[in-house]
Amino acid sequence: MLIAVVLLVVAVLMSLPWWLPRRVVALRERVFARINGDEGVPVPGELVGVERFRELYAHPAANGRSKGAALSDLFWYWLAPGPEMHQEHLEPGERYDAVARTTRALLAVPKGEVEELARRCAVRGVAGVRGLVRLRDLMMPVWAEFAYELVFAERCPREARDLIAANADDVVTSLKCTGLRHMGRRDRLTRYLLPRLDRVRVPLPGGLTSLEQAYYLQGAFFNTAVVQLSEAMAHLLLVLAQHPGEQERARTSDDRHFDRVINETLRLYPLFGIAHRITSGDIALDEHTTIPAGSVLCFNYPEFHRTGFADPGRFDPARFDPGRCDRPAKELNHVPFGVAANRPCPAWRLAPIAMRAVAREVLGRYVLDSSVTHTRSLPSRGPCLLTPRGAAHRPRLALAYLRVRDRWEDVWRGLVQLVLGTYMVWDAHRKRLCERHFAEAASNPPDASDAEDRYAHPGHQPGARRSL
Ligand code: HEM
């Protein structure tokens with residue numbers, strides 16, 4: 001009897017990696033929905049089909065960003081400090097326009113300079129590395145230096161690189177619920193930026209206090225840019241590590257083919273799971289159905305990217321070959337950088353150029369192999385084996401080890417995500433950063449003396465622009 005019980009316990013324990021992670025994810029979703037409420041119109045969904053995804057996303061009334069959605073409290077919590085100054089979450093208006101203009105100016109760098117900057121940062125970041133790495137961790141310092149140079153047009157000091165990487169890592173770790181927020185790490189970066197605002201290479205948005213300007217930079221460049229580029233590169237390198245034929249082709253291919261590899265990576269693993277908008281007016285879908293003002297539209301990228309492609313789960317860069325597409329690229333169900341009519345990613349041009357340059361540098365130096373599970377949220381940070389080109393390439397043992405380790409880590413991580421995620425969703429719900437911000441703004445509208453005070457602390461004296 002005892003032996004039977006022991007055998008049963010051992011069998012249950014050994015089988016954990018095969019069933020527990022999925023159960024934990026389902027449970028996490030239920031807990032989140034319970035705490036957050038089930039606000040939101042899923043698109044595509046019952047009300048709006050996939051064929052109207054773009055039309056609804058581009059609708060002029062689908063333009064609210066934060067105010068009025070419980071979901072915003074959670075995003076503001078994860079993006080703090082200064083979520084009210086994060087470009088992605090600012091409501092439309094003068095302040096948003098000023099901030100978006102500055103971002104465009106900082107990103108308007110000629111292609112050759114982007115390539116050269118990205119290449120230089122990659123060389124410093126990956127030289128001398130070998131063996132087992134986590135791709136997201138490998139990439140963070142590279143993009144931290146890249147973002148710093150974009151903003152300040154000077155080589156990134158080590159101190160700044162570490163502060164930026166620590167900030168970005170803290171944000172993405174909490175977003176994925178694999179760790180809690182550490183506001184101290186984030187505040188250290190804000191304090192570093194504050195006395196350096198006058199060294200930014202383009203004029204910062206006027207009418208903001210120094211602290212608001214620092215928050216803007218921290219949000220757009222030292223959080224979003226670094227996180228998104230690191231995540232995108234982890235996906236790109238991991239998918240190539242798992243498709244050796246595609247890896248070899250990408251290494252030796254021209255830029256056009258490389259862009260297809262990036263397109264296909266971001267189709268299969270879009271960085272946004274859901275982007276939301278709050279409707280500022282009624283949207284009539286037909287004569288019987290209207291989406292009322294104040295609704296939260298939840299645009300589901302992975303769902304949209306799966307439709308309209310043959311065998312959508314397969315990694316196949318050649319599907320973006322113009323000879324194989326039955327529609328122009330613009331009409332494919334593929335919006336990795338959002339939709340042009342409604343606040344698309346301002347880095348849609350620069351990001352693929354920079355990613356290509358860094359990927360070429362990595363592929364030129366290493367053969368990549370990996371045996372881990374590749375999911376869109378990639379909480380494992382992309383474990384991968386790097387073998388220097390020219391060295392003996394015998395990955396079998398390392399891959400067997402990685403496979404087993406990854407399965408067991410999944411079990412532990414799933415439980416951690418459940419506990420920390422539940423806590424953060426609850427804490428964000430309690431703090432209500434977004435709701436309180438708008439309630440305070442409504443009860444204390446800024447008056448003329450506030451405006452004077454703001455202009456008395458200009459973080460940056462408008463001056464000449466500097467190129468990189
Ligand atoms: C491969 C890398 C990247 C991908 C796939 C990506 C994707 C996206 C997507 C899909 C959106 C729109 C979301 C929505 O409709 O709500 C967005 C917005 C944004 N992205 Fe990116 N992004 C990337 C890199 C970057 C970089 C390098 C920056 C640098 C500043 C950046 C800054 C922003 C900002 C500021 C917004 C908000 C735009 C606005 O509301 O005006 N992103 N990104």
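**Exercise 1. Describe how S2 and strand S8 pair.**

Solution. S2 and strand S8 (residues 383–388) pair in the antiparallel sense, over four bridges; two strands count as paired if DSSP finds at least two bridges between them. Strands (E, at least two residues) and helices (H or I, at least four) are DSSP runs, numbered from the N terminus. Within this pairing, Gly131 stands opposite Leu386 in S8.

The model is a predicted one: local features need pLDDT of at least 70, side-chain atom pairs count only at pLDDT 80 or more, and totals for chains, interfaces and linings use all residues. Residue numbers start from 1 along each chain as its sequence is written.

**Exercise 2. Place S2 and S8 in their sheet, and find the helix that packs on that sheet.**

Solution. Step 1: the sheet is open, has three strands in the order S2-S8-S7, and its pairing is antiparallel. Step 2: strand S2 (131–134) and strand S7 (366–369) are the edge strands, each pairing on one side only. Step 3: from one strand to the next, the twist averages 35 degrees. Step 4: helix H6 (residues 135–152) packs on the sheet and touches S2 and S8, and its direction makes about 70 degrees with that of S2. Such angles run from 0 to 180 degrees between N-to-C directions, and axes are lines fitted to C-alpha atoms, for helices over the stretch in contact. Contact between two residues requires C-beta atoms, placed from the backbone, within 7 Å.

**Exercise 3. Give the strand order and the edges of the sheet that contains S1, S6 and S3.**

Solution. Step 1: this open sheet of three strands runs S1-S6-S3, with mixed pairing. Step 2: strand S1 (41–43) and strand S3 (274–278) each have a single partner strand, so one side of each lacks a neighbour in the sheet. Step 3: the twist here averages 25 degrees from one strand to the next. Step 4: S1 pairs with strand S6 (residues 296–300) in the parallel sense over three bridges, and Pro42 stands opposite Cys298 in S6.

**Exercise 4. Describe the packing of H3 against H14 and against H15.**

Solution. Two numbers describe a pair of packed helices: the angle between their axes and the distance between the axes.

Step 1: helix H3 (residues 70–79) and helix H14 (residues 396–431) pack at about 105 degrees, with axes 9 Å apart. H3 and H14 are therefore roughly perpendicular (65 to 115 degrees; under 35 is roughly parallel, over 145 roughly antiparallel, the rest oblique). From H3, Asp73, Leu74 and Tyr77 make the contact; from H14, Met424, Val425, Asp427, Ala428, His429 and Lys431 do. By class, this contact of H3 with H14 has five nonpolar, one polar and three charged residues. Nonpolar covers Ala, Val, Leu, Ile, Met, Phe, Trp, Tyr, Cys and Pro; charged covers Asp, Glu, Lys and Arg; the others, Gly among them, are polar.

Step 2: the axes of H3 and helix H15 (residues 433–443) come within 6 Å and cross at roughly 100 degrees. That makes H3 roughly perpendicular to H15. Here Ser72, Asp73, Trp76 and Tyr77 in H3 meet Leu433, Cys434 and Glu435 in H15. The contact of H3 with H15 divides into four nonpolar, one polar and two charged residues.

**Exercise 5. How many residues surround the ligand, and which element gives the largest share?**

Solution. Step 1: 24 residues surround the ligand, and the closest are Ala225, Ala275, Gly338, Cys345 and Ala347; a residue is near a molecule if its C-beta atom, placed from the backbone, lies within 6 Å of it. Step 2: helix H4 (94–107) and helix H9 (210–241) are the elements that give two or more residues to this shell. Step 3: the largest share, seven residues, comes from H9.
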